[in-house]
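Q: Please take a close look at one part of the chain shown here and follow it outwards into its surroundings, in connected prose. I would like the reasoning behind each description where it can be given.

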Amino acid sequence: MRERFDLRAALPRLPSLLVGLVLFGIGIALMVVAGLGLGPWEALNQGIARQTGAAIGTVSILLGIPILALWWPLGERPGIGTVINVVLIGISTNVALSVLPTATEPAGQVLLMLAGVVTVGLGSGLYLAADLGPGPRDGLMTGVHHRFGWSIRRSRTVIELTVLGLGWALGGTVGIGTVVFALGIGPLVQAFLGVFDRDGRVSRGRRARLEAEGAVGE
């Protein structure tokens, strides 16, 4: 925790964090303009955006604040990367959406959707390798795991299905892109994390935490 807010220790890893978060935001924007479906949290952000008239990236930033507030009673604590995550992904999404054309042909939609999923996976691998604090939504998942003793798998499934249902009800786009994201993002993040965390420091640390909590394999 202390190291994640130590600027001297964090400085060498900040470029990886910043580039990863920007790519994550661009990946979301690519999926939005593809129009074939979004991940759970992005569907919720889009649904709220459609109901309020706000930009989807702005909703992501504003929604990140109460999500972070939920960390404290759940026993989670942020890092510098968590705080930057809240702001930078939303800004990057808005900027990318302002320059990306909306896809109208099916082939173009599929290509943009696939590019978006891969870009989100690439960005995730980069910012996770920096190990400067989880994103607010990941921290909510692990907080539920810690507080209630649910497995990581169960925590993620319950939270994301709830969020996806809310997003769909509010008008967020749910479709084949949602399915591709759900099936593909895990393997992509693992693959890219293997590239950017070659010594396995992040992976070993996560596994050690899960072993201590009896949650390996979850």
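A: D131 is partly exposed, because its relative accessible area is 24% and the partly exposed class runs between 20% and 50%. The model is a predicted one, and in it D131 sits in the loop between α6 and α7. Its backbone deserves attention: the phi angle of D131 is near 55 degrees, a positive value in a residue that is not glycine. As a general matter, most residues other than glycine have a negative phi.

On one side of that loop lies α7, residues 136-148, whose axis comes within 9 Å of the axis of α8, the two crossing at roughly 125 degrees. At this angle α7 is oblique to α8, because the value falls neither between 65 and 115 degrees nor over 145 degrees, and is not under 35 degrees either. The crossing of these two helices is right-handed. From α7 the contact takes in D138, L140, M141, T142, V144 and H145, which meet I152, S155, R156 and I159 of α8. Sorted by class, the residues of this contact comprise five nonpolar, three polar and two charged.

R156, one of the α8 residues that meet α7, also has a partner within its own helix. Its side chain meets that of E160 in a salt bridge, with 3.4 Å from N to O, and the structure holds one salt bridge. Both R156 and E160 belong to helix α8, residues 152-169, where they are four residues apart, or about one turn of the helix. As for accessibility, R156 is partly exposed, because its relative accessible area is 35%, and E160 is partly exposed as well, because its value is 23%.

E160 leads on to a second neighbour of α8, since it is listed among the α8 residues that α3 touches. The axes of α3 and α8 come within 8 Å and cross at roughly 30 degrees. That angle makes α3 roughly parallel to α8, because angles under 35 degrees are placed in that class. In handedness, α3 passes α8 in a left-handed crossing. On the α3 side the contact is formed by P40, W41, A43, L44 and G47, and on the α8 side by I159, E160, V163, L164, L166 and G167. This contact is made up of eight nonpolar, two polar and one charged residues. I159 appears in both of the α8 contacts described here, that with α7 and that with α3.

Helix α3, residues 40-52, also contains N45. N45 is buried, because its relative accessible area is 4%, under the 20% limit. Setting aside residues up to four places away in sequence, N45 touches I56, V59, S60, L63 and R137.

On the other side of the loop that holds D131 lies α6, residues 106-130, which packs against α9, residues 176-196, at an angle of about 40 degrees with the axes 8 Å apart. Those two helices are therefore oblique to each other, and their crossing is right-handed. The contributors from α6 are M113, L114, V117, V118, V120, G121, L122, S124, G125, L126, L128 and A129, facing G177, V180, F181, I185, L188, V189, F192, L193 and F196 from α9. By class, the residues of the α6 and α9 contact divide into 17 nonpolar, four polar and no charged.

Before α6 comes the loop that joins α5, residues 80-99, to α6, and L100 has its place there. L100 is partly exposed, because its relative accessible area is 25%. Apart from neighbours within four places in sequence, L100 is in contact with A29, L30 and V33. V33 and L100 are 67 residues apart in sequence, yet their C-alpha atoms are 7.3 Å apart in space.

These surroundings belong to a protein chain with ten helices and zero strands. Of its 218 residues, 47% are buried. Among contacts with a separation of 6 or more, 80% join residues 24 or more positions apart.

Technical notes: Residues are numbered from 1 along each chain as its sequence is written. This is a predicted model: local features need pLDDT of at least 70, side-chain atom pairs count only at pLDDT 80 or more; totals for chains, interfaces and linings use all residues. Side-chain values use heavy atoms; hydrogens and water are left out. A salt bridge is a side-chain nitrogen of Lys or Arg within 4 Å of a carboxyl oxygen of Asp or Glu. Buried means under 20% relative accessible area, exposed over 50%, partly exposed in between (1.4 Å probe, protein chains only). Axes are lines fitted to C-alpha atoms, for helices over the stretch in contact, and angles run from 0 to 180 degrees between N-to-C directions. A crossing is left-handed if the near helix is turned anticlockwise from the far one by less than a right angle, and right-handed if clockwise. Contact means heavy atoms within 4.5 Å. Ala, Val, Leu, Ile, Met, Phe, Trp, Tyr, Cys and Pro count as nonpolar, Asp, Glu, Lys and Arg as charged, and the others, Gly among them, as polar.
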